[in-house]
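The following paragraphs go through one chain, from its overall form to single residues. Please keep the sequence and the coordinates at hand while reading.

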Amino acid sequence: MSRAASQSFQVRKPAIKTEKGLVASQNRIASEIGADVLRKGGNAIDAAIATSFALGVVEPWMSGIGGGGYMIIRRADDKGAQVVDFGMRAPSGLKVEDYPVMDGTASDLFPWPVVKDDANVFGARSVAIPGQVAGMAKAHEAFGSMPWADLVAPAVIEAEEGLLVDWYAQLILAGAAKGLAKFPASRKTYLDDDGFPKASAWTALGQTRCDQSALATTLASIASQGAAAFYRGDIARNIVKDLQSAGGRHVLEDFQNYQAKIVPASEFDYKGHRVFGTPEMTAGPTLVRVLQLLEGWTPEGSKPTAEDLVTFDRAIRQANQERFATMGDVANELVPSCTTHFNVVDEEGTMVAVTQTLLSIFGSRMTLPGSGILMNNGIMWFDPEPGKPNSIGASKRCLANMCPTLLERSDGARFGLGAAGGRKIMPAVAQLTSYLLDYGMDADTAMHEPRIDVSLAETTIADNTLPDAILDALELKLPNVTAAPRTTYPYNFACPSVVERNKSTNLGTTEIMAHWADTVSAET
């Protein structure tokens, strides 16, 4: 087994501990915005809404108002939890013949058969009807306490300033430049006049920003007019016009008929602990199946052994095989998706976990010229081959990998967790769930504990910081093990975050190798 050359390099990211509320997200600015809402007296749902909109501006390739997702909420005194479903749907006018299958394997997130002109990956025909605005509006209507406009306003301000291009943003832009260059508004926003990725200055004396002024105008309309502006007003008409001009089959009625919904969270008793998850078209049911398979297993010590990791590997693989057979989604991931996850817990103990996405990095790569919205490529979630459980079709719901989860340990401690990373998400959430429940770890310890990734069909990726004895044992017990580091880029593992409430104390932590990710407390 190959080992990384630098074995002495160590990274830690201490958890934030507070008696106040906190926000843990993949971007420090968005976490600050959410925490400020808590400081002003907002609840966890208010903070989540503000964080959601902010992430779409400061981390635009991951999520935004052109995408969708899921929010799970458990208020401090509630016995159960509820899910806000704002997943995406195929347009009603979608024509299967627009996606003829060719020889070969697609080059993007899922290795489906190639579709002619990559119509399910790039551009207008890859775009599903987005749900983020409707989802945040539904959550606000049911649980919010602050004015809607106040929660969207920070995202407007960030968009007016424009995305700051630091080294990490430059890295992401460079990786996506070829796709962005195909679409004029994306090229204008994220690339320079010569078509190269916008770059940060080599000194601290200059700054490069991406112009997000069109998006700022759109967000300002949403702030002042509510979600109706996005689904029924001028914004909707402009979106449909731009998509149709680029060959999309979208119609205004697709937006007018879109509805987010609130449904009861799934609830599973795991060895005396409680697990609340997302039902139906997510990875939530697959997570439950993993836990069912782990019911008869007991850890050997306070930290995972090689045998424990093998048990995780086998349970996750079996649960995924069952998912692939019954829910579609039968191929394996090649490159990272552009999902983001964040958690909020307020001073009273209300906890929220949200996962939202554009699917691929920069989604469809298509920024709409009329509104500045970067659109998803949710149609790529569907198998382009007919006759499959998840085959492409008009008005169908998109089958997602998202897995926001809430836990209550038998000792009363509560946790909110989830991750970004496509099919890497559920394996990470399953292992973190076990670390928190089976091993009794706190959020900080669990986040720093090495994991394995079981998202690939024939390969298990093990964190190279695992002891050599464990890596050697895994190599003997599993068919194909590769040791790899948890790095900022590329994404060998999922990018999770966890919040914890133990009595009146809150703790928050984010992926240790995620440069932008951070937890911010509501303490002044």
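How many positive and how many negative side chains does the chain have, and how far apart do the centres of the two sets lie? In this predicted model, there are 47 positive and 60 negative side chains, and the two centres are 3 Å apart. The accessible surface of the chain amounts to about 19,300 Å², and carbon and sulfur atoms account for 51% of that area.

The chain holds 15 helices and 21 strands. Its radius of gyration is 22 Å, close to the 24 Å given by the globule rule for 524 residues, so the chain is as compact as a globular protein of that length. Measured out along the principal axes, the C-alpha trace spans about 60 × 55 × 50 Å. Of the 524 residues, 62% count as buried. Among contacts between residues at least 6 apart in sequence, 72% join residues at least 24 apart.

One element to look at in detail is helix α13, which runs over residues 425–437. From first C-alpha to last, this 13-residue helix reaches 18 Å, close to the 18 Å expected at 1.5 Å a residue. Because 13 of its 13 residues are buried, α13 is largely enclosed by the rest of the structure.

A single strand residue comes next. Arg 274 belongs to strand β11, residues 273–277. Its relative accessible area is 23%, which makes Arg 274 partly exposed, since buried means under 20%. Setting aside neighbours within four places in sequence, Arg 274 contacts Arg 74, Lys 79, Glu 267, Phe 268, Leu 406, Leu 407 and Glu 408. Gly 349 lies 75 residues from Arg 274 along the chain, and the C-alpha atoms of the two are separated by 16 Å.

The backbone is the last topic. Most residues other than glycine have a negative phi, and most peptide bonds are trans. The bond from Tyr 489 to Pro 490 is cis, with omega near 0 degrees. Pro 490 sits in the loop that links β18 (481–484) and β19 (495–502).

Asp 117 has a positive phi, near 60 degrees. This residue is in the loop between β6 (113–115) and α3 (132–143). With a relative accessible area of 68%, Asp 117 is exposed, because the cut-off for that class is over 50%. Phi of Lys 503 is also positive, near 60 degrees, and Lys 503 is found in the loop between β19 and β20 (505–510). Lys 503 has a relative accessible area of 76% and is therefore exposed.

Technical notes:
Residues are numbered from 1 along each chain as its sequence is written. This is a predicted model: local features need pLDDT of at least 70, side-chain atom pairs count only at pLDDT 80 or more; totals for chains, interfaces and linings use all residues. Side-chain values use heavy atoms; hydrogens and water are left out. Helices (H or I, at least four residues) and strands (E, at least two) are DSSP runs, numbered from the N terminus. The radius of gyration is taken over C-alpha atoms; the globule rule is 2.2 Å times the number of residues to the power 0.38. Buried means under 20% relative accessible area, exposed over 50%, partly exposed in between (1.4 Å probe, protein chains only). Contact means heavy atoms within 4.5 Å. Accessible areas come from the Shrake-Rupley method with a 1.4 Å probe; for residues, only the protein chains shown count as cover. Lys and Arg count as positive and Asp and Glu as negative; His and the chain ends are not counted. The place of a charge is taken as NZ of Lys, CZ of Arg, CG of Asp or CD of Glu. The expected span of a helix is 1.5 Å times one less than its number of residues.
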